[in-house]
Amino acid sequence: MKPLRSTTYGPLVLSMSLLALPAMADDDCDAPTRQWQPREAVMQMAAQQGWQVQRLKIDDGCYELRGRDAQGRAFKAKIDPRTLSVVKLKQRDHDDDDDRASRERRRDRNQGQPQRNAAPAETTPPPAGGSRATIE
Amino acid sequence: MSQPLKPLMTTLATALAVALPAVAQARPVTMSIPLKNYGGDGAYLAVYVTDAKGAYVRTLWVAGGKAKYYKHLADWNRLSAGDSKRLQGVTGASVGAGRTLKVTADLADALIDAGYEIRIDAAAEDMRDSPSEVRAPLNAANAGKAHTGKQYIQSLTYQLP
C-alpha cells in the first residue's frame, strides 16, 4: 500500500474542514472554570469601556452583561470569562430596550410557576417514521 | 418449487399482505416555511400537530438546538411536555431571517381531513415570542395554500402527495 501524501490529501482535508465550520460556529465560551476571571474583573473591564452595567450573569459559559454603553445606548455583551474579550455585542435603540425590559419582567414573573396545562394524552398514536428538513 | 420452501413462501406472502397496508397508511407531507426579513437572529421554530380539540399529537420538526430556549416556543413546550420523545430525530439548526425551512414528515392518513392542525411556534433572541404563529388545518382542501404568519413566518404551505 502506498503511504498517504499530505500534498495529495491536504487540500481535500482543508476544504472539508472549511465546509464544517459554519455548522460549528457558535458564540458559546468553553473556558474551564478554574481559568475564569472574577466578576470584579468583568466590572472593571466594563468600567474601562465606559459601560454602565445593569445586569451581569453567566450564559452559555460566558459572562453576559446588559446595560448602557458610553453613548447611552442599551447593549448586551457576551464576554469570554478567561480573556474578558467581547465575544458578541448587540446594541439596541430605546424602543427595543423598553420592549425587552417588559419582556424580561414578564419572563421573571413566569419563572418557577408550575406547568398547569400538562400535555394531554395522544388521541392518535404517532405513525412510525421520522422527519427531514433543509434550510434554503 | 421444492416442497420445503412452500411454507416459507406462504409465511412471507402473509407477512407482506399484513405489512403493506400499514406502510401505505402514511404519506410524506412536505412543508415550506419561508421566514420574513424580521431583522434579528435566527428563529427557533417548532412545527407540530394538534387534534381537533387542540391536544398535542406529534412534533414534526424543531429548528434550534439549545434546549434552554425551548420555553420560548411556549405553546409547543407546554403541550408536548409529557412527550419524552418529542425531540427524537426532529431537531436541526435555527432558521435565519429571510431563509426558508423545508420539512418532510411521514403523516398517517388518519390525520388528514380529520380536524387535525399543523401549528408552528416561533421565537428569536431578544424579540417577542410568537406561540402558535401559524395554524393550518390539515386537510386536502388546504394543501398547496399559503397560511400566513403573524411575526416571523411569511407563510406555511404544505403539499400532500
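This passage describes the secondary structure, nonpolar cores and strand pairing of a predicted model, with emphasis on chain B. Local features were taken only at pLDDT of at least 70 and side-chain atom pairs only at pLDDT 80 or more, whereas totals for chains, interfaces and linings use all residues; side-chain values use heavy atoms, with hydrogens and water left out. Residues are numbered from 1 along each chain as its sequence is written, and chains are lettered from A in the order in which they are written.

Chain B contains two helices and nine strands, assigned as DSSP runs of H or I with at least four residues and of E with at least two, numbered from the N terminus. Along the sequence these elements follow the pattern α-β-β-β-α-β-β-β-β-β-β. Of the 161 residues in chain B, 47% are buried (under 20% relative accessible area, with a 1.4 Å probe and protein chains only). The exposed area of chain B is about 7,400 Å², 56% of it supplied by carbon and sulfur atoms, as computed by the Shrake-Rupley method with a 1.4 Å probe. Among contacts in chain B (heavy atoms within 4.5 Å) with a separation of 6 or more, 63% join residues 24 or more positions apart.

The largest nonpolar core (buried Ala, Val, Leu, Ile, Met, Phe, Trp, Tyr and Cys residues joined through side-chain atoms within 4.5 Å) has 36 residues, and B:Met31, B:Ile33 and B:Leu45 have the most contacts inside it. Elements giving two or more residues to this core include strands E1 (26-34), E2 (43-50), E5 (100-108) and E9 (155-159) of chain B. E5(B) supplies the largest share, five residues. Beyond four places in sequence, B:Ile33 touches residues including B:Val47, B:Leu101, B:Ile120, B:Ile153 and B:Leu156. A second, separate core of twelve residues includes A:Ala41, A:Val42, A:Ala46 and A:Phe75.

Four of the five residues of E9(B) are buried, so this strand is largely enclosed by the rest of the structure. E9(B) pairs with E1(B) in the antiparallel sense over three bridges, where pairing requires at least two DSSP bridges between the strands. B:Tyr158 in E9(B) is the bridge partner of B:Met31. E9(B) also pairs with E8(B), again in the antiparallel sense, over two bridges, and B:Leu156 in E9(B) is the bridge partner of B:His147. A hairpin through six residues joins E8(B) to E9(B).

B:Asn139 lies in the loop between strands E7 (130-137) and E8 (147-148) of chain B. B:Asn139 is buried, with a relative accessible area of 18%. Leaving aside residues up to four places away in sequence, B:Asn139 touches B:Ile112, B:Asp113, B:Tyr158 and B:Leu160.

Technical notes
Buried < 20%, exposed > 50% of the residue type's maximum accessible area, 1.4 Å probe, protein only.
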